[in-house]
Amino acid sequence: METIVLYPSPGMGHLISMVEFGKFILNHHPFFTVAILTVPPSFNTGSTASYIDRVSATNPSITFHHLPSVSLTFDSFSSMEVVIFETLRLSNPNVQRALQEISSTSTITSVIIDFFCTPAFSIFTELGIPTYYFFTSGVCCLDSFLYVPTIHRNTTKSFKDLNSLLDIPGLPPIPSSHMPDPILDRSSAEYAYFLDFFLHLPKSAGVIVNSFESLESKSLKAISEGSCNPDGPTPPVFCIGPLLATERGRTGSMDECLKWLDLQPSQSVVFLCFGSLGLLSGKQLKEIAIGLERSEQRFLWVVRSPPSEDKSKRFLPPPEPDLESLLPSGFLDRTKDRGFVVKSWAPQVEVLRHKSVGGFVTHCGWNSVLEALCAGVPMVAWPLYAEQKFNRVVLVEDLKLALRMNESEDGFVTAEEVESRVRELMDSKEGESVRKRTKEKEAEAEAAMSEGGTSIVALAKLVESWKLPRLTI
C-alpha cells in the first residue's frame with residue numbers, strides 16, 4: 001500500500017486546504033492512502049476536532065495521526081507565527097515516531113508539508129522521502145517568496161523601512177509596506193523563520209498551490225522561467241485548485257442566516273466576513289455598522305468580539321459577541337428589514353453560493369478569495385493581517401477582481417468609506433466590471449477542475465513524479 005503523508009500546520013484554514021487536497025488525490029488516484037499528521041493547536045486557530053471527525057467518518061482512506069502536545073510559554077513569544085514555528089520545531093521527534101509507525105504497514109511515497117513545517121524538512125530529506133510544499137496562498141505570493149532572498153541580499157533595510165515599490169517578476173509593483181506582516185522587520189524572529197522557509201523552497205521536490213493556471217498565469221510564467229530565483233534552481237509548481245471545503249460546518253441556529261437569504265432578492269446582499277482570526281476593535285465595528293446603515297444596501301455581517309486587551313488571552317478564542325453593546329444603539333432594530341447580523345461564524349461557502357449574495361467584503365485570505373471566485377461573487381478587499389495586503393494589490397491592481405477598501409495608516413476604515421465601497425460594489429459601473437470578470441474566473445475555475453482541465457493534468461504530473469524506490473525507515 002502506498003501512502004502520501006500530509007503535514008499541515010495547526011489552524012483550520014491550513015488544515016482544510018490540506019485535507020481537500022488529500023481528497024482530491026484519492027478521487028482521481030484511489031490506489032493511494034493519505035495519512036495526515038496533526039499538531040494540537042494551543043491558541044486561537046479555530047476548532048479542528050469536529051471537522052476531523054467528519055472527515056474521518058466519510059473518508060476511510062484518510063487517517064489522522066495526532067501528535068502529542070508540546071509545552072510552550074506563550075509570554076516569551078512575540079507573535080502567533082513564532083509560536084507556530086516553535087510548536088512545529090519541538091514536534092520533530094513526534095514526527096519521526098509517526099513516520100516509523102506509518103512505514104511499518106505501508107510505503108511512504110512522498111511527504112507534503114505546510115510552509116510552517118519547514119523545521120521538519122531535514123527529517124524527510126535525510127530519509128530520502130520526496131518532500132513537497134503545499135502552499136496555502138496563491139502563486140502570486142509564492143512568486144514573491146521565491147524572490148525575497150534576492151531582495152534580502154541586495155539591501156540591509158527592512159521592508160517596513162524601504163518606502164518603495166518592489167519590482168518582482170510576474171507581479172504588479174508592490175509597496176514594500178504591503179509585504180506579509182511577519183517579514184516586514186528583518187531583525188525579527190518571524191523574519192528569520194520565514195527566510196529559512198524561503199531558502200528551503202527551491203530545495204523541495206516541488207510546490208503544490210491551491211490555485212489554477214489561468215488565474216495567475218503571469219506569476220506562474222515568471223516562476224517557471226526561473227526569474228524569481230535567478231541564482232539557483234526553481235522547483236516545479238503544480239496548480240491543483242481551486243480546492244474548497246466540502247465538509248459541512250456547524251448547523252442549527254447558524255442556518256438562520258441561510259433562511260434569511262432565501263427571502264432576499266437575487267444578488268442583492270453584500271456579505272461581510274473577516275476570517276477566523278479577523279478581529280476588529282469595538283470602535284471599528286461601530287463604524288462598519290454606521291456605514292452599512294447609510295449605504296441602504298442589504299447585508300449579512302459576521303461579527304466577532306474585539307481582541308482582548310489582556311495579553312495573556314491573545315492566543316485564545318474570543319468570547320461570543322454582545323451585539324447590543326458592540327453595535328450602535330438601535331442599529332439592529334433600524335436595519336432588521338434589510339440586514340442580518342450573525343455572531344462569530346457563518347457557513348461561508350454556502351452563503352457565497354446563495355443566489356441572493358451579490359458582493360463580499362473580505363479580509364483577502366486566500367481560501368476566502370477562492371470561495372468567492374468559485375461562487376462568482378465580486379469582492380471589496382479589506383486586508384487585516386498576514387499576506388492579505390499583498391493579496392489585495394494583486395486582486396485590485398492586476399486581476400481586477402476586487403475593489404479596494406481604503407484605510408488610514410493605522411488600518412482604520414471610516415463609515416464613509418464603508419458606505420462608498422459597498423455602494424460601489426453593489427450599484428456602479430466599476431462594481432459591474434468586477435462582477436463580470438469574477439464570473440469569467442468562475443467559469444475558468446470550473447473548467448480547471450473538470451476532466452482534462454489544467455488542475456487535473458497537474459495532479460497527474462505530480463503523481464507521476466512520486467514513482468520512486470520504496471522507502472524503508
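Student: Which residue lies over the face of phenylalanine 412?

Tutor: That's lysine 283, at 4.9 Å from the ring centre. Keep in mind that this is a predicted model. To call a charge "over" a ring, you want NZ of Lys within 6 Å of the ring centre and within 35 degrees of the ring normal.

Student: Okay, on to ring pairs. How many aromatic pairs are there?

Tutor: A pair of aromatic rings is described by the distance of the centres and the angle of the planes. Here the count comes to 25 aromatic pairs. Take phenylalanine 85 and phenylalanine 194: their centres are 5.4 Å apart and their planes sit at 85°, so the pair is edge-to-face. This pair links distant parts of the chain, with phenylalanine 85 in helix 3, phenylalanine 194 in helix 8, and the two positions 109 residues apart. Both phenylalanine 85 and phenylalanine 194 are buried.

Student: And why is the pair of phenylalanine 299 and phenylalanine 331 called stacked or edge-to-face?

Tutor: Check the angle: the planes are at 25° and the centres 5.9 Å apart, so phenylalanine 299 and phenylalanine 331 are stacked. Phenylalanine 299 belongs to strand 11 and phenylalanine 331 to helix 13, 32 residues apart. Phenylalanine 299 counts as buried because its relative accessibility is 0%, and phenylalanine 331 counts as buried at 0% too.

Student: Which residues form one aromatic cluster?

Tutor: Among them are Phe85, Phe115, Tyr133, Tyr193 and Phe194.

Student: Now the sheet. In what order do the six strands come?

Tutor: Strands of a sheet pair through backbone hydrogen bonds, either parallel or antiparallel. In this open sheet the order is 12-11-10-13-14-15, with parallel pairing. Strand 12 and strand 15 are the edges, each pairing on one side only. From one strand to the next, the twist averages 20°.

Student: What are the neighbours of phenylalanine 271 in strand 11 and strand 13?

Tutor: On the strand 11 side, its bridge partner is leucine 300; in strand 13, phenylalanine 271 stands opposite phenylalanine 360. Strand 10 pairs in the parallel sense with strand 11 over four bridges and with strand 13 over five. Strand 10, helix 11 and strand 11 also make a right-handed β-α-β unit.

Student: Why is strand 10 described as largely enclosed?

Tutor: Five of its five residues are buried, so strand 10 is largely enclosed by the rest of the structure. Val269, Phe271 and Cys273 point one way, while Val270 and Leu272 point the other, and all are buried.

Note on methods
Residues are numbered from 1 along each chain as its sequence is written. This is a predicted model: local features need pLDDT of at least 70, side-chain atom pairs count only at pLDDT 80 or more; totals for chains, interfaces and linings use all residues. Side-chain values use heavy atoms; hydrogens and water are left out. Two strands pair if DSSP finds at least two bridges between them. Axes are lines fitted to C-alpha atoms, for helices over the stretch in contact, and angles run from 0 to 180 degrees between N-to-C directions. Rings of Phe, Tyr and Trp (its six-membered ring) pair if their centres lie within 6.5 Å; planes under 30 degrees apart count as stacked, over 60 as edge-to-face and the rest as tilted. Buried means under 20% relative accessible area, exposed over 50%, partly exposed in between (1.4 Å probe, protein chains only). A crossover is right-handed if, with the strands pointing away from the viewer, the path from the first strand over the helix to the second runs clockwise.
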